[in-house]
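Please read the following report on selected packing, pocket and sheet features alongside the coordinates.

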Amino acid sequence: MIQASGVIICLGYILGLLFTAIPWGGAWILILGIAGAIFLRRRYIISRKLAQKAENGRGKAKTMLNNWQTIPHPRIWLAAGLVGLLATVYFQWRVPEPSAKDISQFVPPGNSSNQEQLVIVRGEVASNPRLTRSQRGQFWLEATQLDEVKNAQGSAGIPKGVTGKLYVTVPILQATGLYPGQQIAVTGILYKPKAASNPGGFDFQKFLKQEGTFAGLIGRQINVLEQERKWGWWQIRQRIVRSQVQSLGIPEGSLVSAMVLGSKAVDLPYDIRDLFVKAGLAHALAASGFQTSLILGVILQLTKRTRKGIQFTLGFLGLIIFLSLTGFQPAVLRAVIMGFAALIGLLLKRKVKKLGSLLLAATLLLLFNPLWIWDLGFQLSFLATLGLVVTVPPIIERLNWLPSAIASLIAVPLAATIWTLPVQLFVFGVVPTYSLLLNVLSTPLISIISIGGIISAIAALILTEAGSFVAGLLHYPTDWMIQLVEFFSNLPGNSVAVGSISSWQLLAIYALIILVWLVRWWQQRWWFASVIAIGLVIVPLWHSANTLFRITILESGTEPIIVVQDKGTVTVINSGDEGTGRFTILPFLQQQGINQINWAIATDFQGNESNAWFELAQRLPIKNFYDYSPKPENAIAIQAIQEEIQKHQGSYQPLAVGQAVQAGSLVAQLINDELPILQLQILDWNWLLVGNIKSQEVQKLVKNGSLPRPQVLWCAPQSLKNLVLVLQPQVAITAAANLDEKTLSELNQSKTKVFFTGRDGAIQWSPNRDFEAFIEAPENQSSVL
């Protein structure tokens, strides 16, 4: 049990870590502590006087004391402010930075595909290999030595002793059979990870930094230096997974293993993982509180006739084994610490306050690793558990007209959703429409699969065949679970993009949730708080959709991908390959709260547009699709796109040369039959998108008058200098990261402002603002949560 003063100190530490998101956060938390000490000092004095009168037996004083409550000494508030200040300092101290010998320090500057420097990195495998979306094997490597390779005969130079962890990807066959602790040498190309280049995009650099990693290695070949197998928890984990997959196959066996050990400990197929995430059931794949409760419940039930000490010991061992098998994930650590608190309460025969245990668990974890404060899994796990502790009881009380089992079935997912949805909106900007209903319907199946999976895992540790037999009994529940998730994922409107909310919206919504939790007036008017919270999300979205005019040129590496937001009408020009559609265009549209593409124009700049358009058409309705695809080999892909578009009552039309397509304030026209040149008239601005053409052809088109002089030009890097000198646009945009010094010097002499999406990220423009580079924008903004 944690006292009120302890709660305030813990909150001070957690808030201090959260305040690292704003400038001078430590000073602000200290000011809040001082303010709390000053303003609550008078109330503290009154409460102490009432306490003294209550001790003298005055009934009225006792009643007033119950109303006022005894609050902590002002020194506690001041101490909490100081703890918060120290937390910000501690956080900065723990932020990973590469050492002088870190392997990232030896990455050649400007390392790229056309300047490849092969290296041999020796080190120890730090994780089991996993399969990436690009069908390559991925694992972490603790580097110890670095060699440069200058020719096919071997290495040259003196080997360097290095430190640091590497994110390694290799061909899948090269990764087969690797295991943690193994000494290997990987031949490949070192690189430094890139930050997010597009709004809503994945920040690979930030992800690796959270893991204490500052470089990656694209491996080509692996040489095993040590064959001896060292014992590790991975062997037990592997035995459990193999036993369950042996009888259930893939994906059912992998799904059962993931629901027991967590998806981070199991190589679950991405299609199943994406299906659960899309349906709003991702938490079912994260081993945490649910599995911990099951393990403790089973152990305590089986040992209920034994002494408390034996129950405590067996429960403690069960939690430690479960924690080790799952790989020490933050969510599992939080659940296990709360489980320890319950066991201690059982041993001491004292009732443990769940809220205090949760705060204590969070504080201990954040003392161990303060960087977890920004780990999304930790945040969602903490908030979901907080919802279960403080919100489930009042919801069940309001649902007392239902049978208690049904009321609990509704209250648990509803409470978790209330507390986690704001963070999900802040990060993803998407609401899984049927998530609550699906959670209610799937809870019995999740319970059966989890309990059966745990029993199967225990049996597999004793005898592999026994574990497989028990897992085989879960075939139908697992199959039903997958079918249920597929059904809800394929329903119309299964997810709604409302756009990523801002930090002030996030704080305002949580302020309302906390008021409903703590203040009686708001508890009686919870519906009013709900309306305000919904309005905080919907009103800004509605205002933006009806007033925003913005053009975004996304960084895709090859062709111009342009999204035009014209007061609710959305036009997408080009789409790149399948990966670009999934990881660049869709995240951007979701972040902007876009649920429909009104106009889509495919100009076939690179000849690979079909895959991405099909990906987009599966996820979002496309009302009007114009396609210029003269290549016969694209016929099958085009037919698939047509069928997908027609499912949503959209129209598909071929795009002819000279045909003007009007989409809101945009007029697009393909002006050349042989070369990919698209002209755009946007308000009073003339844009020109030019593919990879030779300078002689450009000059010929200009002389013929068929190539108008634009104000904004997009072109391939190799054509940039010639086109800028001939067309003299105000702004030129190209997909390169940079050019050679001679070319840059010549371009600097022109009056054209040049953007490189490979260096600057996405480029955005609106009528009342100049062209802005996405990568520069965060530097000019204050930090957000």
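The text below treats a helix pair, then a pocket, then a sheet.

This is a predicted model, in which local features need pLDDT of at least 70, side-chain atom pairs count only at pLDDT 80 or more, and totals for chains, interfaces and linings use all residues. Residues are numbered from 1 along each chain as its sequence is written, and side-chain values use heavy atoms, with hydrogens and water left out.

Helices α8 (residues 233-248) and α9 (residues 252-261) pack at an angle of about 145°, their axes lying 7 Å apart; helices are DSSP runs of H or I with at least four residues, and strands are runs of E with at least two. Axes are lines fitted to C-alpha atoms, for helices over the stretch in contact, and angles run from 0 to 180 degrees between N-to-C directions.

The second largest pocket (an open set of points on a 1 Å grid over the protein atoms alone, where a 1.4 Å probe fits, with protein on both sides within 12 Å along at least five of seven lines; lining residues have an atom within 4 Å of a point) is lined by 19 residues, and the closest to its centre include Ile-295 and Gly-318. Helix α18 gives the most to this lining, with 6 residues.

An open sheet of 7 strands has mixed pairing, in the order β16-β17-β18-β19-β20-β21-β22, where two strands pair if DSSP finds at least two bridges between them. Its edge strands are tabulated here.

| Edge strand | Residues |
|---|---|
| β16 | 660-663 |
| β22 | 753-756 |

Strand β16 runs antiparallel to β17 (residues 666-670), joined by 4 bridges, and Ala-660 stands opposite Gln-669 in β17.
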